[in-house]
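Here are some notes for a colleague who is beginning to read protein structures. Please keep the sequence and the model side by side while going through the points.

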Amino acid sequence: MKRLVMDVDTGLDDMVAELIAFGSKEVQVDGIVATYGNKLIEHTLPNTLNVVRYLGRDVPVYEGSHRPLKREPVVGGNIHGADGMACFPFPHYQDNTSKGDGIAFLKQHVLEHPGQITVVATGPLTDIARVMQEEPAWKDSVGELVVMGGSLAGGNVTPYAEFNSFDDPEAADYVFRSGVRTILMPLDVTTQVTLGRQELDKLKTFGGKAAKLFGHCMETYYQSCTSVVRECPAMHDPCCIAYLLDPLMFSGSWKSLCCVTDRKSERYGETVDTGKEGNTLVMLHADQSRFWPLVEQAVRNLA
């Protein structure tokens, strides 16, 4: 069984990633760090706590970074709803507080279990960069780093930059250049895994809390994406968990990457392939037919 720590900025697609992880018998989530991203941490931290409590998981949640390394944060607009979770009516939980410093937890947990912990990062890479900067030995202790971010074929915030990399290019650049073994899920591959009307309506018929949460949130996501960007919503963050459960769903190549950090450049935040083989396995192709059965099984397991 793979042991995970998730570093998230819980909005709608992060929620699906968490749901798949919680509903899988192949992975164990040791802890979750909530960082800023889709929304400010004033929303992403409570969102993460609420999802964990609602789905009945006994997983500690920690508080991550409030802002990027060097710039002001950029939040993700209204695609995820006003609060990042489509205003889902979570119950009021008496004990809904975090367990403390997420950077300290990320650092200590990986160092105490060298080679055993996979870190999944689905928001800006600020927390990961901070841990590496504070503890250089961390990158040699982490089992694997699985990241959603970047794009080699154009962005979704600017013509060049993907949202997570644009939010903290300095952190992304630091992580890409660090030498740590990384599996990257860029827009190139995540946009190949989309939520269609058929899949959404099918999952809405499933019983239980997980199906209710998925149906409510994904209906908002579907309506927002089809009306605003004229596309079915992509399952960006869940691709990271799907890879851990079914690596053959994806294929790519090992590359050396960096990120444009010149704030005066129109390409600020762009992910750049240096043309050399490197430490990052950049996924470029996905078999979507293998994805939805994983989601359906997770929803059933959490019912």
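1. A residue counts as buried when its relative accessible area is under 20%, as exposed when that area is over 50%, and as partly exposed in between. Cysteine 87 has a relative accessibility of 48%, and therefore counts as partly exposed. Please bear in mind throughout that the model is predicted, and that the values below are computed from it.

2. On the overall build, the protein has 12 helices and 10 strands. Its radius of gyration is 18 Å, close to the 19 Å that the globule rule gives for 303 residues, so the protein is as compact as a globular protein of that length. Along its principal axes, the C-alpha trace spans about 50 × 40 × 35 Å. Of the 303 residues, 58% count as buried, and among the contacts between residues at least 6 apart in sequence, 81% join residues that are at least 24 apart.

3. Where does cysteine 87 lie in the chain? Cysteine 87 is found in the loop between β3 and α3, and alanine 86 is placed in that loop between β3 (61-63) and α3 (102-112) as well. Most residues other than glycine have a negative phi. Alanine 86, however, has a phi near 55°, which is a positive value in a residue other than glycine, and cysteine 87 likewise has a positive phi, near 55°. As for exposure, alanine 86 is buried, because its relative accessible area is 9%, while cysteine 87 is partly exposed at 48%.

4. How many disulfides does the structure hold? The structure holds zero disulfides. Cysteine 87 is in no disulfide, and the nearest cysteine sulfur, which belongs to cysteine 217, is 9.6 Å away. Cysteine 259 is in no disulfide either, the nearest cysteine sulfur being that of cysteine 258, at 7.5 Å. A pair of cysteine sulfur atoms has to lie within 2.5 Å to count as a disulfide, so neither of these distances meets that cut-off. Cysteine 259 has a relative accessibility of 4% and therefore counts as buried.

5. Asparagine 47 is worth finding in the model, and the place to look is helix α2, which runs over residues 41-54. Is this residue, asparagine 47, buried or exposed? Its relative accessibility is 4%, so asparagine 47 counts as buried. Leaving aside residues up to four places away in sequence, asparagine 47 touches Thr10, Asp83, Gly84 and Met85.

6. Helix α7 is mostly covered, since seven of its nine residues are buried. Those buried residues are Pro169, Glu170, Ala171, Ala172, Asp173, Val175 and Phe176, and the list thus includes Glu170 and Asp173 alongside Val175 and Phe176. The elements that the buried residues of α7 pack against are α4 (126-134), β5, α6, β6 (182-185), β8 (257-259) and β9 (271-273). After α7 comes glycine 179, whose phi is positive, near 90°.

7. Turning to enclosed space, rolling a probe the size of a water molecule over the atoms shows where empty space is left. The structure holds one cavity of 30 Å³ or more, and about 50 Å³ of space lies in the largest cavity. The largest cavity is lined by 13 residues, and the closest to its centre are Leu125, Gly149, Asn164, Ser165 and Ala172. Two or more lining residues come from each of β5 (144-148), α6 (163-167) and α7 (169-177). By class, the lining of the largest cavity divides into seven nonpolar residues, five polar and one charged. Ala172, listed among the buried residues of α7, is also one of the residues closest to the centre of this cavity.

8. The last point concerns open space: the largest pocket has a volume of about 660 Å³. The lining of this pocket is made up of 29 residues, and those nearest its centre are Ile79, Asn156, Phe163, Tyr221 and His236. At least two lining residues are supplied by each of α1 (12-22), α6 and α10 (209-228). Which classes of residue make up the lining of the largest pocket? The lining has 13 nonpolar, 10 polar and six charged residues. Helix α6 deserves a second look in the model, for α6 gives residues to the lining of the largest cavity and supplies residues to the lining of the largest pocket.

Terms used. Residues are numbered from 1 along each chain as its sequence is written. This is a predicted model: local features need pLDDT of at least 70, side-chain atom pairs count only at pLDDT 80 or more; totals for chains, interfaces and linings use all residues. Side-chain values use heavy atoms; hydrogens and water are left out. On a 1 Å grid over the protein atoms alone, a cavity is a set of points where a 1.4 Å probe fits but cannot get out, and a pocket is an open set with protein on both sides within 12 Å along at least five of seven lines; lining residues have an atom within 4 Å of a point. Grid points are joined across faces, edges and corners, and a volume is the space filled by probe spheres set on the points. Helices (H or I, at least four residues) and strands (E, at least two) are DSSP runs, numbered from the N terminus. Ala, Val, Leu, Ile, Met, Phe, Trp, Tyr, Cys and Pro count as nonpolar, Asp, Glu, Lys and Arg as charged, and the others, Gly among them, as polar. Buried means under 20% relative accessible area, exposed over 50%, partly exposed in between (1.4 Å probe, protein chains only). The radius of gyration is taken over C-alpha atoms; the globule rule is 2.2 Å times the number of residues to the power 0.38. Contact means heavy atoms within 4.5 Å.
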